[in-house]
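Colleague: Could you take a close look at one helix here and walk me through how its neighbours pack on it?

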Amino acid sequence: MDDRSATLADLREIVQQFVEARDWGQFHTPKNLAMSLAIESAEVMEIFQWLTPEESWELREPSPQREALCEELADVLAYLLALSHQLRIDLSSALLRKMAKNEAKYPVEEYRGRYGSTDNRRRQQP
């Protein structure tokens, strides 16, 4: 299973089966899951904390640091899927609604090649 073949429903079910097998549902309150999601997200940031922009791009290549990043991103995804499951949020629909709002808020003609309220054209990606 990879990104091309897995659906969000597949991944959500894998996480839910893991949780149910351990009887952890009792601990999976929305509050606890939201906090865990934030904590795991901070662990992703910690990997990048002291890297230069150039060094951050090096995480595309196999390394122990990249493997650590993969694990932290998987933790973030697992908690996101668990939280959306507990609150009965369809993530695909939520994303599509949010992207439609973003399209209206950031029209291509006005924001192509820049971000924020000032015109900052520096590129961070090689």
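Modeller: Here is a tour of helix α4, its partners and the loop after it. This is a predicted model, where local features need pLDDT of at least 70, side-chain atom pairs count only at pLDDT 80 or more, and totals for chains, interfaces and linings use all residues. Residues are numbered from 1 along each chain as its sequence is written, and side-chain values use heavy atoms, with hydrogens and water left out.

Helix α4 covers residues 64-86; helices (H or I, at least four residues) are DSSP runs, numbered from the N terminus. Start with α2, residues 30-48: the axes of α2 and α4 come within 9 Å and cross at roughly 160 degrees. Axes here are lines fitted to C-alpha atoms over the stretch in contact, and angles run from 0 to 180 degrees between N-to-C directions. α2 and α4 are therefore roughly antiparallel (over 145 degrees; 65 to 115 would be roughly perpendicular). The crossing of α2 past α4 is left-handed, that is, the near helix is turned anticlockwise from the far one by less than a right angle.

On the α2 side, the contact residues (heavy atoms within 4.5 Å) include L33, L37, V44 and I47; those of α4 include L69, L73, V76 and L80. By class, this contact has 15 nonpolar, 4 polar and 4 charged residues (Ala, Val, Leu, Ile, Met, Phe, Trp, Tyr, Cys and Pro count as nonpolar, Asp, Glu, Lys and Arg as charged, the others, Gly among them, as polar).

Now for α1, residues 8-21: the axes of α1 and α4 again come within 9 Å, but cross at roughly 90 degrees. That makes α1 roughly perpendicular to α4. L8, L11, R12, V15 and Q16 of α1 meet L77, A78, L81, A82, S84 and H85 of α4, a set with 7 nonpolar, 3 polar and 1 charged residues. A82 of α4 also turns up in the contact with α2.

After α4 comes the loop to α5, which holds R88. Although R88 is not a glycine, its phi is positive, about 55 degrees. Most residues other than glycine have a negative phi.

How values were computed. Helix = DSSP H or I, 4+ residues; strand = E, 2+ residues; numbered from the N terminus. Parallel < 35°, antiparallel > 145°, perpendicular 65-115°, else oblique.
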